[in-house]
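Welcome! Take a moment to turn the model around on your screen, and then let us walk through it together, one region at a time.

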Amino acid sequence: MIRVQVPATTANLGPGFDCLGMALELYNIVELVQVPYGLTIEVTGEGTADIPRDVDNLVFKSAQRVFEQVDFKPTGLKIRLINQIPVARGLGSSTAAIIGGVIAANLLAGGRLSLKDIISLASSIEGHPDNVAPAVLGGIVISVQADGELKNMKIQPPQGIRCVVAVPDFILATKTSRDVLPSQVAFQDAIFNLGRVALLVAALQRGDFSLLGTAMEDHLHQPFRSVLVPGMKKVLAAAKLAGARGVTLSGAGPSVIALADGNFDLIARVMGDTFRQNGVKCRTLVLKPS
Ligand code: HSE
């Protein structure tokens, strides 16, 4: 049996839209066995009610892409998914399914794809690399498409940092969250994000949390997405007041993630209460970077 463990991820980290992400200590497991015939898919944990058990399953579809690429024809497959990552909440659940399928299928087919091949295939299935690269490489990863390939650079998350995540109890499809974005942005907004993403990478690398609040601000996606996440702006403000160093929408949302070096329970409680005061049920998690 092949068993692959894939971490949750938080993309963008505020200003790094589609190019910056971090892996979190919360995992999905994909088990894959070749059987004489047919397709069986079992799901336990998160998404049990919603995840397809047939050829529409994302783990299966991603595995198929590998089998086609390396020309491997399994007789039949049994797939077991043990999920801890909340589905469609901005924590990389679809990436975990894609990576789990791609890596498990690659191992079953003899391991011919390199890590680089795996990251580029998974990114092309996902449409952007900022969850995929940290899910495979761990830590914080900067990903840039250049010269026809994806270039990744990993940095170690700073010591002592924790991610406090408020996870609303409604799903938000990434497509819906991308459909509200403009096709062009103002030059001043581009400059706003450029300075902050540079500051953010330097601050994370140096373990200097003093400017994270400023460094995690964003003008390219969050303002447009706030209409999809009731109470988002108030949760961002409340987390900072409770002691978070920086706070942002996690990926495409609807989860909000705060980076902190203390006061974790207080920050979690305040974020959860603020969502609830705005009519959004939610749960909170305190996670280490992975
Ligand atoms: N960078 C992507 C977005 C991440 O914000 O749409 C989606 O998980």
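In this predicted model, residues 57–139 carry the UniProt annotation "domain: GHMP kinase N-terminal", which comes from an unreviewed entry. Another annotation from an unreviewed UniProt entry, "domain: GHMP kinase C-terminal", is listed for residues 201–273. Here are the two spans side by side.

| Residues | Helix | Strand | End C-alpha atoms apart |
|---|---|---|---|
| 57–139 | 57% | 10% | 28 Å |
| 201–273 | 47% | 12% | 31 Å |

Let us begin with helix α1, residues 58–70. Its 13 residues should span 18 Å at 1.5 Å a residue, and its end C-alpha atoms are 19 Å apart, so expectation and model agree. Which residues of α1 are buried? They are Leu-58, Val-59, Phe-60, Ser-62, Ala-63 and Val-66. These buried residues pack against the strands β2 (20–35), β3 (39–45) and β4 (76–83), and also against the helices α2 and α3 (115–126). Just after α1 comes Asp-71, with a positive phi of about 55°.

Helix α2 brings us to the nonpolar interior. The largest nonpolar core holds 75 residues, and those touching the most other members are Ile-99, Ala-239, Ala-258, Ile-267 and Met-271. To this core, α2 (residues 93–108) gives the most, with eight residues. Ala-258 is a good place to zoom in: leaving aside its neighbours within four places in sequence, this residue is in contact with Val-164, Ala-239, Ala-244, Val-247, Ile-267 and Met-271.

Now to the ligand. It is surrounded by 13 residues, and the closest are Ala-11, Asp-18, Thr-174, Gly-251 and Ala-252. The shell consists of three nonpolar, seven polar and three charged residues. Helix α5 (residues 174–179) gives the most to this shell, with three residues.

A few backbone details are worth a look as well. Most residues other than glycine have a negative phi, and most peptide bonds are trans. Asn-12, in the loop between β1 (2–11) and β2, has a positive phi of about 80°. Asp-18 also lies in the loop between β1 and β2, and has a positive phi of about 65°.

Are these two residues buried or exposed? Asn-12 counts as buried because it has 29 C-beta neighbours inside 10 Å, whereas Asp-18, with 18 such neighbours, counts as partly exposed.

Finally, a cis peptide bond, with omega of about 10°, joins Gly-253 and Pro-254. You will find Pro-254 in the loop between β8 (246–249) and β9 (256–260).

Technical notes. Residues numbered from 1 in each chain as written. Predicted model: local features only at pLDDT ≥ 70, side-chain atom pairs only at ≥ 80, totals over all residues. Core = buried A, V, L, I, M, F, W, Y, C linked by C-beta atoms within 7 Å. Buried ≥ 20, exposed ≤ 12 C-beta atoms within 10 Å, placed from the backbone. Helix = DSSP H or I, 4+ residues; strand = E, 2+ residues; numbered from the N terminus. Contact = placed C-beta atoms within 7 Å. Near = placed C-beta within 6 Å. Nonpolar A, V, L, I, M, F, W, Y, C, P; charged D, E, K, R; others polar. Expected span 1.5 Å × (residues − 1). UniProt positions renumbered as here; feature names shortened; annotations may be inferred.
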